[in-house]
Amino acid sequence: MTRAMTYQSTLLRLLDERGYIHQLTDAEGLDTLAQEQVIPGYIGFDATAPSLHIGSLVQIMMLRRLQQAGHKPIVLMGGGTTRIGDPTGRDESRKMLSDETIEDNIASIRKIFSRLLTFGDGPTDAVMVNNHDWLGQLGYIELLQEVGTHFTVNRMLTFDSVKLRLDREQPMTFLEFNYMILQGYDFRHLAKDMGVRLQMGGSDQWGNIINGIELTRRMDGQEVFGLTTPLLTTADGAKMGKTAAGAVWLNEDALPAYDFWQYWRNCDDRDVGRFLRLFTDLPLDEITRLEQLEGSEINAAKVVLANEVTALCRGEDAAKASEATAAATFAGGGVGSALPELSLPKEGIGLIDALVGIGFAASRGEAKRLIAGGGAKLDGESVKDEGYVIAGGAEVRISAGKKKHGVLRPA
């Protein structure tokens with residue numbers, strides 16, 4: 001249910017004031033519990049890539065808020081469930097990953113959590129667990145006997161993740177059909193073995209969270225709680241984390257800090273206040289002041305947003321370097337140190353190859369369209385000849401449109 005009360009606990013007041021709460025299973029019960037004890041709460045993340053993207057950042061920040069409010073965040077890595085693949089919101093099955101790839105992904109993903117959470121052995125220190133540790137030990141017959149009896153096929157067929165596939169006549173494997181059972185079992189296991197009382201997640205996980213709550217109650221008589229965040233989209237309706245250029249990755253080795261910074265700097269004016277509440281630790285009164293800026297002044301608030309988020313996710317030095325690069329590139333027409341770079345051979349390089357090589361075009365065809373449209377620039381001048389060869393020997397600033405800039409440096 002949605003909120004219809006004034007929260008008394010620090011935890012729910014904090015989550016509410018900053019815009020994280022969409023649905024709660026028992027708002028009054030959780031509010032009371034949060035005043036009485038440290039609540040271990042968790043969110044699950046599958047390890048399908050070496051980095052999460054900013055679509056996951058609201059969930060990571062919610063774990064940060066949990067810790068800031070004096071409770072214990074538990075990061076659940078889906079080493080087991082990644083081997084199946086969450087069907088929620090997908091039209092087709094994910095490709096299977098090897099055990100080694102999944103383990104490598106988990107090790108890489110941990111970096112962002114280490115920046116945003118304090119890990120350790122204390123009562124409110126974060127811990128990271130891997131559901132393969134217990135799901136991998138379950139015998140199939142034992143799982144069917146112990147857990148399977150608490151799920152009906154009738155109910156499972158009503159879940160959006162299943163209905164979507166069936167309505168669109170897309171195949172859904174029996175393997176994927178079991179995902180919701182294993183995710184529900186995760187909640188039960190964590191409640192029983194680690195005292196977890198709260199699962200949080202995006203609004204698309206509501207059904208899976210309810211499954212885990214019901215399973216825990218039926219198997220152990222334990223009361224646990226669920227909380228979801230609103231569906232996160234930008235003001236223009238786009239899904240958070242996706243851009244025309246691809247995903248906005250959280251890890252440094254997946255996306256340069258300057259590009260990460262620019263994503264936030266270029267956000268819609270209407271998103272500034274909401275993003276400052278969700279993704280920064282700035283005081284609420286300061287956020288209110290910033291979001292009330294109008295006209296060109298709102299750009300100052302966007303720089304604050306970009307600096308704050310980049311500092312949290314990439315470090316203070318990355319934020320400062322990115323801002324300095326932006327100032328040099330846009331205000332002074334120069335070349336900042338944080339811009340993406342490509343080595344410029346002595347014999348020169350074709351404009352198409354340069355655009356693809358520096359990552360401003362995904363293919364030669366896309367580079368040609370960019371050039372034809374006048375979006376390719378060298379040292380600020382548009383170049384419309386797709387056969388143009390950039391001479392070697394001197395540094396050149398290369399741009400794609402108004403917002404993508406890089407530098408070609410002599411080899």
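**Buried cysteines, helix α1 and Arg277**

Cys267 is buried, with a relative accessible area of 8%. In this predicted model, Cys313 is likewise buried, at a relative accessible area of 2%. No disulfide includes Cys313, for which the nearest cysteine sulfur, that of Cys267, lies 15 Å away. Seen from the other residue, the cysteine sulfur closest to that of Cys267 belongs to Cys313, and the separation of 15 Å is too far for a bond, given that a disulfide requires sulfur atoms within 2.5 Å. The structure as a whole accordingly holds zero disulfides.

Towards the N terminus, helix α1 spans residues 10-17, and within this helix Leu11, Leu12, Leu14 and Leu15 are buried. When α1 is viewed down its axis, the buried residues fall within an arc of 160 degrees, so they line one face of the helix. These buried residues of α1 pack against two helices, α2 (27-36) and α3 (57-68), and against two strands, β1 (23-24) and β6 (225-229). Just after α1, Gly19 adopts a positive phi of about 85 degrees.

A further buried position is provided by Arg277, which is located in helix α13, comprising residues 272-279. Although its side chain is that of an arginine, Arg277 counts as buried, because its relative accessibility is 18%, whereas the limit for burial is under 20%. When residues up to four places away in sequence are left aside, Arg277 touches Glu17, Arg18, Tyr20 and Arg65, together with Leu284, Ile287, Thr288 and Glu291. Among these contacts of Arg277 is Glu17, a residue that falls within the range of helix α1 (residues 10-17).

Conventions. Residues numbered from 1 in each chain as written. Predicted model: local features only at pLDDT ≥ 70, side-chain atom pairs only at ≥ 80, totals over all residues. Heavy atoms only, no water. Buried < 20%, exposed > 50% of the residue type's maximum accessible area, 1.4 Å probe, protein only. Helix = DSSP H or I, 4+ residues; strand = E, 2+ residues; numbered from the N terminus. Arc of directions from axis to C-beta. Contact = heavy atoms within 4.5 Å.
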